[in-house]
Amino acid sequence: MSLQSTDQIADLITRIRNAIQVNKNEISAPTSKLKVAVVEGLKKGGYIADYSIEKAHPRDILHVLINKENEIAKINEITKVSKPGRRVYTSADEIPTIKSGRGIVLISTSKGIMSGQEAKKLRLGGEILVKVY
């Protein structure tokens, strides 16, 4: 019997946050297109070092390298904004700025998951998924 998380992104974020607290530099999680898109956004923002997908049966495994050996994690705080019980949406004009621009938000738009800055440039609103700095 496999345990299935109802909120995939919250599960991924919790794994990352817990790993950082105990000074681990890598996590593994069951993969999904949504998780890969979130991790890709974190990599583009420079918050994680790298990620890879291991082909396994019955489900592929997502490996996230938070930081390289002997480096400190670049993530100080990572939180899930929109939750299953309370969705948070924004228009392109109202995309929040995190820590005076030192952080990013990841937004699920009609063109996929992207950072708040990319969404502003493309004039796209959407669901705010993750806040990180």
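1. In this note a residue is called exposed when its relative accessible area is over 50%, buried when that area is under 20%, and partly exposed in between. By this criterion, both Asp93 and Arg123 are exposed. The structure under discussion is a predicted model.

2. The two residues just named also form a pair: the side chains of Asp93 and Arg123 meet in a salt bridge, with an N to O distance of 2.9 Å. Asp93 belongs to the loop between β5 and β6 (104-109), whereas Arg123 belongs to the loop between α3 (116-121) and β8; the contact therefore ties together parts that lie 30 residues apart in sequence.

3. A further salt bridge joins Arg87 to Glu127, and here the closest N and O atoms are 3.1 Å apart. This pair links distant parts of the chain, since Arg87 sits in the loop between β4 (78-80) and β5 (89-90), Glu127 sits in strand β8 (residues 126-132), and 40 residues separate the two. As to accessibility, Arg87 has a relative value of 44% and so counts as partly exposed. Glu127, with a relative accessible area of 13%, is buried, because the limit for that class is 20%.

4. The strands merit separate attention. Strand β1 (residues 26-30) pairs with strand β3 (residues 61-65) in the antiparallel sense, over five bridges. Strand β2 (residues 50-54) likewise pairs with β3 in the antiparallel sense, over five bridges. Strand β3 is thus a partner of both β1 and β2. A hairpin of six residues provides the connection from β2 to β3.

5. Val64 illustrates this arrangement at the level of single residues. This residue of β3 is the bridge partner of Ile27, and Tyr51 also stands opposite Val64.

6. Lys55 and Asp60 should be considered together. They form a salt bridge in which the closest N and O atoms are 3.4 Å apart. Lys55 has a relative accessibility of 67% and is therefore exposed. Asp60, at 22%, falls above the 20% limit for buried residues and so counts as partly exposed.

7. How many salt bridges does a search of the whole structure find? The search finds eight. Some charged residues take part in a network: Asp11, Arg15 and Lys35 are linked by salt bridges. In general, side chains of opposite charge can pair when their charged atoms come close.

Notes
Residues numbered from 1 in each chain as written. Predicted model: local features only at pLDDT ≥ 70, side-chain atom pairs only at ≥ 80, totals over all residues. Heavy atoms only, no water. Pairing = 2+ DSSP bridges. Helix = DSSP H or I, 4+ residues; strand = E, 2+ residues; numbered from the N terminus. Salt bridge = Lys/Arg side-chain N within 4 Å of Asp/Glu carboxyl O. Buried < 20%, exposed > 50% of the residue type's maximum accessible area, 1.4 Å probe, protein only.
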